[in-house]
Amino acid sequence: MSDIKATRDGTLQTTACDVLVIGAGPAGMCAATEAAASGARVLVIDENAGAGGQIWRETRAGAAHARSARARFGIRRFAASGARLQAQTRVLDAGDGWLTAWDEAAGGSILVRYRAIVLATGARELFLPFPGWTLPGVYGAGGLQALAKSGLPVKGLRVVVAGSGPLLLAVADYLQRAGANLQGVFEQASLRRMLPFTRHVMADPGKLLQGAGYGWSTRRSRLRTGCWPVAAHGAEVLEAVTMTDGKRRWTIACNALACGFHLVPNTELARLLGCDLHTLDAARALQTDPQACVEVDGWGRTTVEGVFCAGEPTGIAGLDAAEAAGTLAGSAAAAYAGFDSTSSTNTAPPVAQRRYARLLKQQERHKTFARALQRAFALRVELRQLCAPETIVCRCEDVTFAELHSLRGSREAKLQTRCGMGPCQGRVCGPATQVLFGWRPGSVRPPLAPAPVSALLAVPEATASR
Amino acid sequence: MTEQEIVIYVDGRAIAVRPGTAVAAAMLAHGMPNRISRSGQPRAALCGMGICYECRAAVNGVAHQRTCMLACTPGMEIATQ
């Protein structure tokens with residue numbers, strides 16, 4: 001039970017903590033658990049209704065498959081850690097030692113004062129436009145899985161899974177076991193590009209077993225490499241998808257297309273706080289790489305004092321990397337706030353030191369894995385050339401490819417067409433235009449989420465410290 | 001409607017759903033788009049995790065709610081935007 005004190009004045013709740021963690025996925029939960037063990041007061045903010053993030057999303061309403069044992073363990077451990085979870089709450093703005101957020105459930109604003117902050121904001125799917133991609137029935141790959149876990153029936157649904165990344169196999173596996181009628185799994189990367197990556201999977205028994213499991217369950221659905229979608233067809237809803245391998249084209253009748261082109265890190269809050277980003281691959285330019293990530297040292301320290309980052313925002317590297325990084329960042333954040341996690345009541349200092357040394361060593365392996373992942377699933381050039389002139393690129397404001405392709409950048413696009421000014425705040429069209437046109441992402445400005453005016457008016461003193 | 005289901009209203013139309021189902025999922029399960037775009041296209045949830053806002057609808061009078069992040073409650077009233 002945490003002893004965080006909160007006061008409420010009208011619609012504003014003011015609270016203080018030692019370590020503030022943003023995100024209650026695997027990395028955030030590990031950071032919070034570790035920091036709380038040292039005696040620090042820990043507050044975790046997440047916009048979902050419960051802990052788990054995306055990968056350990058709660059399944060509800062009779063959806064297939066409860067969470068894994070590993071997920072249940074992590075969530076139970078977090079619940080018992082003493083860290084407080086502020087759920088259904090979105091971050092609006094942040095600065096040195098303070099952060100404002102909006103509690104969507106209670107409808108009030110929150111001002112948090114913190115000593116150290118850990119950003120565990122995860123990743124989102126990269127979406128690329130192609131003709132027909134706005135039809136109902138075209139989902140992200142993780143998107144369809146998330147909706148299925150939230151109660152969308154998929155039994156008997158004719159689904160095509162396409163796009164890129166290891167997520168495709170996980171999604172295909174989930175859908176198959178939920179009784180969907182899988183019509184094919186299509187990875188855009190060529191087999192030649194992906195083969196070196198399999199070496200990393202082979203070297204890790206956990207990943208090998210996972211991959212073998214997916215291979216077995218999707219054995220009938222024919223994973224094909226070097227294929228990508230060229231068009232989705234239908235009058236009011238999706239009816240068919242046309243795929244290509246660069247030479248032939250073929251059309252598959254279906255009711256759902258689960259299509260995402262791998263992941264991009266959620267770096268908005270880190271950028272707002274002034275953290276430097278970098279690319280994992282020196283050959284990529286920072287400006288045009290949608291996977292540019294937060295620069296951190298082994299302990300998760302960013303280039304801004306008191307700001308730590310763990311998990312996917314530091315590079316897409318998966319679950320093991322996220323938990324290890326979260327643990328280290330939680331310890332470092334607690335130490336920064338004045339709490340020594342090596343003297344917690346749970347373990348004697350030398351044991352704790354050895355544990356951290358082991359985790360730090362693992363970080364190197366995870367970094368190598370992240371680079372290999374990025375190389376294996378790099379996007380082929382043809383994916384930039386799928387749009388017809390009337391293909392919508394900005395879904396929020398219905399801005400087409402024809403209106404955008406000759407503009408010089410995201411700022412000009414905003415001024416001329418409203419592209420990027422919709423409620424997604426450029427989170428969908430930003431990475432897409434970065435890939436299509438090489439546009440540098442615009443600067444990040446508060447509020448970080450669409451919020452009612454009342455939420456913003458409630459915290460005038462926070463903005464005065466800018 | 002089975003014992004386990006509750007009733008919500010989408011543009012006045014009553015639909016039966018299992019408690020805890022996300023509003024976006026309930027609408028899609030009944031063949032309804034989540035919203036109509038600026039140029040009049042029917043749209044449905046894309047990302048399923050609160051990023052894309054394609055699922056946005058007015059819920060119980062409050063506009064711009066991300067229906068993929070909201071669980072259905074008995075008597076909930078949804079108006080497509």
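The exercises below, each with a worked solution, deal with a predicted model of two chains, A and B.

**Exercise 1. The interface of chain B and chain A**

Find how many residues each chain brings to the contact, how much area is buried between the chains, and which three residues of chain B supply more of its buried area than any other three.

Solution. Begin with the residues in contact: chain B gives 33 residues, and chain A gives 38 residues. Next comes the area, and here it helps to know that the size of an interface is often given as the accessible area lost when the parts come together. Between chain B and chain A about 2,900 Å² is buried, and carbon and sulfur atoms give 56% of this area. Finally, look at single residues on the side of chain B: B:L46, B:M49 and B:I51 supply 23% of the area that chain B buries against chain A, which is more than any other three residues supply.

**Exercise 2. Polar and charged pairs across the interface**

Determine how many salt bridges and how many residue pairs in polar contact join chain B and chain A, and then describe the side of chain B that touches chain A by its elements and residue classes.

Solution. The idea to start from is that side chains of opposite charge can pair when their charged atoms come close. Across the interface of chain B and chain A there are five salt bridges. In one salt bridge, the side chains of B:R38 and A:E397 meet at 2.7 Å, N to O, and this distance falls under the rule because the cut-off is within 4 Å. For polar contacts, the count between the two chains is 12 residue pairs, with both residues at pLDDT 80 or more. Turning to the elements of chain B, those that give two or more residues to the side touching chain A are α1 (23-29), β4 (42-43) and β6 (62-66), and the largest share, four residues, comes from α1(B). Sorted by class, the residues on this side of chain B are 18 nonpolar, eight polar and seven charged.

**Exercise 3. Helix α1 of chain A and its partners**

Describe how α1(A) packs with α8(A) and with α2(A), giving the angle, the distance between the axes and the handedness of each crossing.

Solution. Two packed helices are described by the angle between their axes and the distance between the axes. Take α8(A) to begin with: α1(A), residues 26-37, and α8(A), residues 319-336, pack at an angle of about 35 degrees with their axes 7 Å apart, and the crossing is right-handed. Among the residues that make this contact are A:A27, A:C30 and A:A31 of α1(A), together with A:A322, A:G326 and A:G330 of α8(A). The residues of this contact divide into eight nonpolar, four polar and two charged.

Then turn to α2(A), residues 69-79, which packs with α1(A) at an angle of about 35 degrees, with the axes 9 Å apart, and here the crossing is left-handed. In this contact A:M29, A:C30, A:A32 and A:T33 of α1(A) meet A:G74, A:I75, A:R77 and A:F78 of α2(A). By class, the residues are five nonpolar, two polar and one charged.

**Exercise 4. A salt bridge between distant parts of chain A**

Find which elements of chain A are linked by the salt bridge of A:R70 and A:D320.

Solution. The side chains of A:R70 and A:D320 meet at 2.8 Å, N to O. The pair links distant parts of the chain, since A:R70 belongs to helix α2 and A:D320 to helix α8, 250 residues apart.

**Exercise 5. Backbone details in two loops**

State what is notable in the backbone at A:P447 and at A:D398, and locate each residue.

Solution. Most residues other than glycine have a negative phi, and most peptide bonds are trans. The peptide bond from A:P446 to A:P447, however, is cis, with omega near 0 degrees, and A:P447 lies in the loop between α12 (429-437) and α13 (453-457) of chain A. For A:D398, phi is near 55 degrees, a positive value in a residue other than glycine, and this residue is in the loop between β23 (392-394) and β24 (399-400) of chain A.

Definitions and conventions: Residues are numbered from 1 along each chain as its sequence is written. Chains are lettered from A and ligands numbered from 1 in the order in which they are written. This is a predicted model: local features need pLDDT of at least 70, side-chain atom pairs count only at pLDDT 80 or more; totals for chains, interfaces and linings use all residues. Side-chain values use heavy atoms; hydrogens and water are left out. Contact means heavy atoms within 4.5 Å. Buried area is the accessible area (1.4 Å probe) that two parts lose on being put together, summed over both. A polar contact is a pair of N or O atoms within 3.5 Å; within protein, one must be able to donate a hydrogen and the other to accept it, and residues adjacent in sequence count only if both atoms are side-chain atoms. Ala, Val, Leu, Ile, Met, Phe, Trp, Tyr, Cys and Pro count as nonpolar, Asp, Glu, Lys and Arg as charged, and the others, Gly among them, as polar. Axes are lines fitted to C-alpha atoms, for helices over the stretch in contact, and angles run from 0 to 180 degrees between N-to-C directions. A crossing is left-handed if the near helix is turned anticlockwise from the far one by less than a right angle, and right-handed if clockwise.
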